[in-house]
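Visitor: I would like a close look at a single part of this model. Please take it slowly and explain the terms as they come up.

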Amino acid sequence: MIIKQLPDSIREMAEIIGLNNALAVVSLCGGNSLYIPKTVNKKHWLIQVVGLEAMQTLCNYYQGDTLELPRCSNAIQWITRQSIIRDSDTMTAPGLARKY
């Protein structure tokens, strides 16, 4: 259901590197352009965000493309609300406030 809330470009990214990795990229780079190199440079900053395996997958898939990443504000807000609802069964209000 979360994937339906995302723009097509981010949905595509989520399908190749996983939803959590795609959301991490959007959280850092949403609203900006992101160049994906053709080959992995082990010092590339994005490896710290998604890991080496996902970075390799991005490079293999996008092959030097520059992606225009949407902010996904509505989708991220929806995901946050759903997470709060899910966590409210097991967390206190102060715990939820600290987490979100």
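How many residues does the largest nonpolar core have, and which of them have the most contacts inside it?

Guide: A word on the source comes before the core. This is a predicted model, in which local features need pLDDT of at least 70 and side-chain atom pairs count only at pLDDT 80 or more, while totals for chains, interfaces and linings use all residues. Residues are numbered from 1 along each chain as its sequence is written, and side-chain values use heavy atoms, with hydrogens and water left out.

The largest nonpolar core has 26 residues, and Met13, Ile36, Leu46, Leu58 and Leu69 have the most contacts inside it. A nonpolar core is a set of buried Ala, Val, Leu, Ile, Met, Phe, Trp, Tyr and Cys residues joined through side-chain atoms within 4.5 Å. Buried means under 20% relative accessible area, exposed means over 50%, and partly exposed lies in between (1.4 Å probe, protein chains only). At least two core residues come from each of helix H1 (8-17), helix H2 (19-29), H3, helix H4 (52-62) and helix H5 (73-87). In soluble globular proteins, nonpolar side chains tend to be buried together.

The chain as a whole has six helices and two strands. Helices (H or I, at least four residues) and strands (E, at least two) are DSSP runs, numbered from the N terminus. Starting at the N terminus, their order is α-α-β-α-α-β-α-α. Of the chain's 100 residues, 34% count as buried.

Leu69, one of the core residues with the most contacts, is in contact with Ile10, Met13, Val25, Cys29, Gly30, Gly31, Asn32 and Leu34, leaving aside neighbours within four places in sequence. Contact means heavy atoms within 4.5 Å. In the chain, residues 24 or more positions apart account for 58% of the contacts with a separation of 6 or more.

Leu46 also has a polar partner: a polar atom of the His44 side chain lies 3.0 Å from the backbone nitrogen of Leu46. His44 sits in the loop between strand E1 (33-35) and helix H3 (47-50). Its relative accessibility is 16%, so His44 counts as buried. With neighbours within four places in sequence set aside, His44 is in contact with Tyr35, Pro37 and Met55.

Asn60, in helix H4, offers another case. Its relative accessible area is 45%, so Asn60 is partly exposed. Asn60 and Ala75 are 15 residues apart in sequence, and their C-alpha atoms are 27 Å apart in space.

Note on methods. Polar contact = N/O pair within 3.5 Å; in protein donor to acceptor, adjacent residues only side chain to side chain.
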